[in-house]
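Biologist: Could you take me on a close look at one part of this protein, the second largest pocket, and then show me how it sits in the rest of the chain? I would enjoy a connected walk-through that I can follow with the model open beside me.

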Amino acid sequence: MENPRHADRRLAVVGAGIAGMTAALQLHKAGYEVELIEQMEVLGGRFGVDRLGDRPVMTGGKNLGRKYSALREFLAEFGDPEYEEFGINTSRVLDGKILTLDSKQSAWDKISRLRRLGPVRDLLKLAYLGFLVRRKEENRFLGSAAFTRIADRNDDRPLSAHFSPRIVRNMFRPMNVRMNGAEPDEVYLGTFGTNLNMIMDTYDQLTHGISPIIDELSELVRVRTNTKVEQVLTADGRVIGLGISEHDGPVTDHYYDGVVLASPAHATAEIVKSELPALSDLLREVKYFPAAVVLVEYDRPVFGTEVRAIVLDDGPCSNAGVYGINDLHIVRYTFSGRHARPTPSDEVLDQWIDNAERELTNLLGVAHVERVHTVKRIWDAAYCAYVPFHGKFLSQVHTEVAATPGLELAGDYLRGAPLEASCRSGIEAANKLLNQLNSAVPA
């Protein structure tokens, strides 16, 4: 057993999604030996690193907003990453016709198209919320003062209760399902700023994916994959280490000067439940929903340059779109929302793919396409749908964590589900832990 008095400036980060990777880099740059611990076989979390035939792909989050300053700074630490434009392009069927919103459209064209999605009264309320998001950067993320006040007044009812059914179905449902895997009656107005921010940005993606970044980070910190953290270890009210099982082996104790838990809320709740039950109970309130993503490479283009993605409402497939702006022959099918629950078996997912492909090709007027390669990814808890009164929740979480030296938290449930928000939560957690360590009085 390792001696807890000699951790030798060693820190642990649990969870190797974007929150964990940014926290690990921040701690490494401060001069600490860092262990990045991941339960899965590969790093990357919701990036969903995989291969489609011989091509490296990301089955999860891959679009990087132009406003993603923290995430782009993280990527720039590993050189000068190459980006390719993706923009915003989404369509839906209204009155039998395809209505497309694209970032290259004029402002007036966008407004006229938005008016078809909901009544003017709803659009005015939406414009006010959008003004708040645009006015202050903090309103792009969970926990801002403005949206905490909105939550205090409105989060006794779900988002769907504050707007007309027309705009809820035509606009809010695709936004909520895409970001949170949730229906509009499962999310709240106090967290809606993160969704609005998504449609107020425009996007690029990494030309060579996230894998080169992961490879370089793995050279800087020690990586443990196929490793499950079972519990935190404490002494005198302080976190001093972790109980770890590697490759389904026995649980052994490992000691650290500090720990960042960058795992999803439900996983973090399980890790801390024996030593920090009040914190565990808080984290169990956070809702997560499943999703499946399937990438299919076809023998010829399915989409065109004008329509690159379509929202689908009435089945388990919530969205179908191109993988990249120059990949019109690669379709990304996303299965999420209430119709996609519970998590499907392989056989059920295959049927969903067949149905979605048939619906998509009929809408686009494309026939006789053949599949060349297919890759599937199923997440039991893909999307974070937060909690009502999120500002109050954050305050309670921060109080519990502040009372437990040696521990900090990061993840999608703190600052928001978008990659930029998760990245910022990792940086914030690392900096808080470093402040703890720098201010600690040596024994």
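Modeller: Gladly! The second largest pocket has a volume of about 1,100 Å³. Please keep in mind that this is a predicted model. Around the pocket, 41 residues form the lining, and those nearest its centre are E38, Q39, M40, G45 and P264. If you would like to find the walls by element, look for α1 (18-29), β11 (227-235), α9 (265-272), β19 (371-386) and α14 (419-439), each of which gives two or more residues to the lining. The biggest contribution comes from β19, with 6 residues. As for chemical character, the lining has 21 nonpolar residues, alongside 11 polar and 9 charged ones.

Two of the names above lead on to other residues. Start with E38, one of the residues nearest the pocket centre. E38 is also touched by R224, a residue found in strand β10 (residues 222-224). R224 counts as buried because its relative accessibility is 6%, under the 20% cut-off for that class. Besides E38, R224 touches E35, L36 and I37, and its contacts also include E246, H254 and Y256, leaving aside residues up to four places away in sequence. Take E246 as an example: R224 and E246 are 22 residues apart in sequence, with their C-alpha atoms 8.2 Å apart in space.

Next, go to β19, which begins at residue 371. V296, found in strand β15 (residues 287-298), touches R371, H373 and T374, and its contacts also include H329, I330, V331 and Y333, again not counting residues up to four places away in sequence. V296 and R371 are 75 residues apart in sequence, yet 6.6 Å separates them in space, C-alpha to C-alpha. V296 is buried, with a relative accessible area of 0%.

Now to α14, another element of the pocket lining. Together with α7 (192-199), α14 also gives two or more residues to the lining of the largest cavity. That cavity has a volume of about 40 Å³, and a search of the whole structure finds 4 cavities of 30 Å³ or more. Its lining is made up of Y68, R140, F141, T194, N197, R415, G416, P418, E420 and A421. By class, these are 4 nonpolar, 3 polar and 3 charged residues.

Stepping back to the whole chain, you will find 14 helices and 20 strands. The radius of gyration is 22 Å, close to the 22 Å that the globule rule gives for 443 residues, so the chain is as compact as a globular protein of that length. The C-alpha atoms fill a box of roughly 70 × 50 × 40 Å along the principal axes. Buried residues account for 56% of the 443 residues. Among contacts with a separation of 6 or more, 69% join residues 24 or more positions apart.

Finally, a word on confidence. The mean pLDDT of the chain is 92, and 93% of the residues reach 70 or more. Over residues 1-6, however, the pLDDT is below 50, and this stretch has 9 contacts in the model beyond near neighbours in sequence. Where pLDDT is low, predicted coordinates should not be read in detail.

Note on methods
Residues are numbered from 1 along each chain as its sequence is written. This is a predicted model: local features need pLDDT of at least 70, side-chain atom pairs count only at pLDDT 80 or more; totals for chains, interfaces and linings use all residues. Side-chain values use heavy atoms; hydrogens and water are left out. On a 1 Å grid over the protein atoms alone, a cavity is a set of points where a 1.4 Å probe fits but cannot get out, and a pocket is an open set with protein on both sides within 12 Å along at least five of seven lines; lining residues have an atom within 4 Å of a point. Grid points are joined across faces, edges and corners, and a volume is the space filled by probe spheres set on the points. Helices (H or I, at least four residues) and strands (E, at least two) are DSSP runs, numbered from the N terminus. Ala, Val, Leu, Ile, Met, Phe, Trp, Tyr, Cys and Pro count as nonpolar, Asp, Glu, Lys and Arg as charged, and the others, Gly among them, as polar. pLDDT is the predictor's confidence in each residue, from 0 to 100. Contact means heavy atoms within 4.5 Å. The radius of gyration is taken over C-alpha atoms; the globule rule is 2.2 Å times the number of residues to the power 0.38. Buried means under 20% relative accessible area, exposed over 50%, partly exposed in between (1.4 Å probe, protein chains only).
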